[in-house]
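This briefing introduces a protein chain to a reader who is new to structural description. Please look over the sequence and the structure before reading the points that follow.

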Amino acid sequence: MTQNLTSWQPGPTITPLVPAQPPQIMSAGAYLASRYGGRIVPALSTSTALILARIWHTQGAAGSYGDAALMIALAAGSTLHGIISASKQNGHEVITAVAFAASGAFALVGVAAYTASWALAAIVWLVATVLVYSVSARHWRAASEHAEQRYHELQLTQVNRLADVQIAQVERDTTAQALAYGLALQAAIEQRQALDPRTFQLQAVAAAGLPQLAQGQQDR
């Protein structure tokens, strides 16, 4: 008999399993940077602004009314923009925060660059750093609470899924045991009936509350 080769279709392509990648081990420095890096950014930003302001001071900003007026104008413009963004119905909180932060930065740079006193510049830097940390602490607290809430939700979901799996396993085992018991009972009844069909009474077996046999067995 000739095989019809035109009806042959290629089978599905089997994609080989990609081995799981081992977990990436994070170094202590990388962990500290990712975990506490955001806590250093405010102080680093204000310190950088202070250093640049003092460099600008030595390059001609000391006692310069023009440079001071420029910083005042920039700070006032940023403050006005932040007020407008905060008062508008469609204002965005990120734009508002950036505007007020820029206003404070311009004021810090203006004072630190204009004054000849290192003490006044250090005081302005200290006040600005404290204010930045005070504002950021609220956001860090909210982010930490959100992370903890999310962690508890994931833990609760995991517990619920494990409970569902255990319930499914119990139901599977119960069904398998019931099936095995039914098959064993049916085999025992068939063997009893084969030994002496005349004395075998199927109605008595059913009246005992045992599992119902298949229809074909009852018709025998």
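Helix H2 covers residues 65–87, and its length can be checked with simple arithmetic. At 1.5 Å a residue, the 23 residues of H2 should span 33 Å; the C-alpha atoms at the two ends are 32 Å apart, so the expected and computed values agree. The model in which this helix is found is a predicted one. The points below take up the chain as a whole, then its core, its surface and its salt bridges.

**The chain as a whole**

- The secondary structure consists of six helices and zero strands.
- Read from the N terminus, the order of elements is therefore α-α-α-α-α-α.
- The chain has 220 residues, of which 16% are buried.
- About 17,100 Å² of the chain is exposed, and carbon and sulfur atoms supply 65% of that area.
- Among contacts between residues at least 6 apart in sequence, 66% join residues at least 24 apart.

**The largest nonpolar core**

- In soluble globular proteins, nonpolar side chains tend to be buried together.
- The largest nonpolar core here has 12 residues in all, among them Ala-49, Leu-50, Met-71, Leu-108 and Val-124.
- Three helices each supply at least two residues of this core: H1 (28–61), H3 (93–114) and H4 (118–195).
- Alanine appears repeatedly in the core, including Ala-53, Ala-61, Ala-112, Ala-113, Ala-121 and Ala-128.
- Which residues does Ala-53 contact, leaving aside its neighbours within four places in sequence? Ala-53 is in contact with Val-109, Ala-112 and Ala-113, and these three residues also belong to the core.

**Helix H2 and its link to helix H3**

- The buried residues of H2 are Ala-68, Met-71, Ala-75, Ser-78, Gly-82 and Ser-85; Met-71 is also a member of the largest nonpolar core.
- An α-helix has 3.6 residues a turn, so residues three or four places apart point the same way.
- Ile-84 also lies in H2, and its relative accessible area of 42% makes this residue partly exposed.
- Thr-96 is found in helix H3. Is Thr-96 buried or exposed? Its relative accessibility is 12%, and because buried means under 20%, Thr-96 counts as buried.
- Ile-84 and Thr-96 are 12 residues apart along the chain, and their C-alpha atoms are separated by 8.3 Å.
- Beyond its neighbours within four places in sequence, Thr-96 is in contact with Gly-82, Ser-85 and Ala-86. Of these contacts, Gly-82 and Ser-85 are among the buried residues of H2.

**Features at the surface**

- Ile-51, Leu-52 and Ile-55 make a nonpolar surface patch of about 290 Å².
- Ile-55 has its place in helix H1 and counts as partly exposed, at 40% relative accessibility.
- Trp-118 has its place in helix H4. With a relative accessibility of 55%, Trp-118 counts as exposed, because the cut-off for that class is over 50%.
- Trp-118 and Arg-54 are 64 residues apart along the chain, while their C-alpha atoms are separated by 8.8 Å.

**Salt bridges**

- How many salt bridges does a search of the whole structure find? The search finds three salt bridges.
- Arg-150 pairs with Glu-153, and the closest N and O atoms of this salt bridge are 3.6 Å apart. Both residues lie in helix H4, three residues apart, which is about one turn of the helix.
- Arg-150 is partly exposed, with a relative accessible area of 47%; Glu-153 is also partly exposed, at 36% relative accessibility.
- Asp-164 forms a salt bridge with Arg-161, with the closest N and O atoms 2.8 Å apart. Asp-164 and Arg-161 likewise lie in H4, three residues apart, about one turn of the helix.
- Asp-164 counts as partly exposed at 39% relative accessibility, and Arg-161 is partly exposed with a relative accessible area of 46%.
- Asp-173 forms a salt bridge with Arg-172, where the closest N and O atoms are 3.2 Å apart.
- Asp-173 counts as partly exposed at 34% relative accessibility, whereas Arg-172 counts as exposed at 54%.

Notes
Residues numbered from 1 in each chain as written. Predicted model: local features only at pLDDT ≥ 70, side-chain atom pairs only at ≥ 80, totals over all residues. Heavy atoms only, no water. Core = buried A, V, L, I, M, F, W, Y, C linked by side-chain atoms within 4.5 Å. Buried < 20%, exposed > 50% of the residue type's maximum accessible area, 1.4 Å probe, protein only. Helix = DSSP H or I, 4+ residues; strand = E, 2+ residues; numbered from the N terminus. Contact = heavy atoms within 4.5 Å. Expected span 1.5 Å × (residues − 1). Patch = residues over 30% accessible without salt bridge, like charges linked within 9 Å, V, L, I, M, F, W, Y side chains within 5 Å. Areas by Shrake-Rupley, 256 points an atom, 1.4 Å probe, with all protein chains shown as cover. Salt bridge = Lys/Arg side-chain N within 4 Å of Asp/Glu carboxyl O.
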